[in-house]
Amino acid sequence: MTTATTVKTEYEAIIGLETHCQLSTNTKIFSNSSTAFGADPNTNIDPVCMGLPGVLPVLNEKVLEYAVKAGLALNCQIAKYSKFDRKQYFYPDLPKNYQISQYDLPIAEHGWLEIELVDAEGNPIRKRIGITRLHMEEDAGKLVHAGSDRLSGSSYSLVDYNRAGIPLVEIVSEPDLRSGLEAAEYAEELRRIVRYLGVSDGNMEQGSLRCDVNISVRPVGRKEFGTKVEIKNMNSFSAIQRAIDYEIERQIAAIEAGDRIIQETRLWQEGAQCTSSMRIKEGSSDYRYFPEPDLAPIEVSNAQLEQWRSELPELPAQKRHHYESELGLSPYDARVLTEDRSIAEYFETAIASGANAKAAANWITQDIAAHLNKQKLTITEIALTPTNLADIITRIETGKISNAQAKEKLPDLLSGISPEKAFAGQELITDPSVLEPIVDEVIAANAKELEKYRNGNTNLKGFFVGQVLKKTGKRADPKLTNELVEKKLNA
């Protein structure tokens with residue numbers, strides 16, 4: 001009798017992200033109201049962003065510049081001709097009852113960005129994630145629910161229109177992501193890019209960067225996509241990863257149980273660590289798009305495009321490649337150093353001032369980073385200049401001071417004291433004729449420890465080295481001291 005073997009189906013996730021990124025302009029996309037965060041409710045408003053009768057929008061030129069630069073940084077094709085459209089929907093925080101966005105002719109399309117993960121051995125794993133499109137639009141206002149963080153359970157809701165009309169770019173990825181980890185890294189890399197460009201602060205806590213996830217699962221090997229579900233309400237990269245991992249398991253369990261996945265929008269519940277249904281997903285036809293009649297089409301000249309392209313900085317992925325292949329840094333060091341543009345610039349200035357790349361990386365990612373974290377500072381707020389860091393590293397490598405001396409003086413150096421002053425009179429004693437009598441004196445003064453050492457307790461060598469360092473105010477060259485102590489003890 002033959003028993004049939006049940007083969008367990010393997011599934012893969014198909015994931016894409018829609019990312020809304022607020023642009024760091026001083027004024028709104030179509031009017032002169034301030035975009036400053038944290039103002040009293042309904043103070044940064046005007047007739048245009050409130051949609052009052054008879055007003056006309058005017059495109060903020062800085063918004064176009066920032067959108068094009070973001071598109072270029074994401075390797076997109078920039079449209080020579082694009083336009084704005086009206087996207088109709090009705091919600092209390094949208095005062096006009098329509099949103100000015102871009103539909104069929106966006107400013108940028110067909111791009112990509114590179115994510116980098118690290119395997120168990122510390123080797124970089126790079127993957128290109130396609131960018132479907134990047135388009136400009138205005139933000140809506142914000143609902144404040146009293147008694148709850150969402151509409152359900154609140155006793156009443158208030159509307160703050162300060163955010164209405166703040167410029168956004170929406171960046172839509174291709175469905176090239178396959179895990180929560182990849183999706184979180186994609187979102188982090190996107191934030192690095194817009195911060196390097198200076199077009200957005202990417203602050204997720206303040207809503208400057210908001211990600212919606214589209215996710216479906218399918219059996220491995222099948223070409224057709226499964227039914228897509230959208231997840232909203234994620235305010236951190238870790239939440240993106242956890243929400244996706246949960247939703248993958250939920251969808252697989254539903255399919256295995258014979259249930260049907262429906263196209264819907266779900267919310268991530270941070271407290272419960274799960275997703276919950278919010279509404280059935282709308283299609284593009286529900287928005288009844290049509291060309292915005294109050295705004296002229298946009299044309300970007302070749303000269304203007306090349307001018308903006310020339311102003312782009314070296315981006316995080318380019319720096320990582322450079323640091324790893326040319327400077328010999330580990331993927332971890334390269335990632336930490338390129339996380340923030342100001343840290344990368346500090347590191348590069350130290351290198352240009354003569355510092356060894358690996359030594360500079362160690363100081364920045366370890367001792368200086370620990371100080372920054374403890375004091376809640378950025379690297380631009382410390383008084384230790386990259387030139388002075390290079391000076392310290394050179395002093396260590398040429399044997400003028402020890403690594404221990406430099407670490408001991410680091411608080412003074414970070415507060416602005418120059419290396420010359422910090423290490424005045426602290427040069428290492430590297431002359432054996434000077435150190436040898438001191439070693440003899442220490443050994444003679446510790447006869448009991450000498451006897452124990454010669455009876456087999458060789459760990460006491462460190463005791464003698466420490467006594468020499470103490471007697472010289474830590475100025476004895478550590479390597480030479482070790483050699484002389486060992487020689488004398490074994491004589």
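The following paragraphs look at aromatic side chains in this structure and at the charged groups that lie over some of their rings.

The model is predicted, so local features need pLDDT of at least 70 and side-chain atom pairs count only at pLDDT 80 or more, while totals for chains, interfaces and linings use all residues. Residues are numbered from 1 along each chain as its sequence is written, and side-chain values use heavy atoms, with hydrogens and water left out.

Rings of Phe, Tyr and Trp (its six-membered ring) are taken as a pair if their centres lie within 6.5 Å, and planes under 30 degrees apart count as stacked, over 60 as edge-to-face and the rest as tilted; by this rule there are seven aromatic pairs. One of them joins F30 and F84 edge-to-face, at 5.5 Å centre to centre and with 80 degrees between the planes. Because F30 lies in the loop between β1 (11–22) and α1 (61–73) and F84 in the loop between β3 (81–82) and β4 (85–88), this pair ties together parts that are 54 residues apart in sequence. Helices (H or I, at least four residues) and strands (E, at least two) are DSSP runs, numbered from the N terminus. Both F30 and F84 are buried, where buried means under 20% relative accessible area, exposed over 50% and partly exposed in between (1.4 Å probe, protein chains only).

The ring centres of Y287 and Y289 are 6.1 Å apart and their planes stand at 70 degrees, so this pair is also edge-to-face. Y287 counts as buried at 15% relative accessibility, whereas Y289, at 22%, is partly exposed. Together with Y89 and Y103, Y287 and Y289 form one aromatic cluster.

Technical notes. A charge sits over a ring if NZ of Lys or CZ of Arg is within 6 Å of the ring centre and within 35 degrees of the ring normal.
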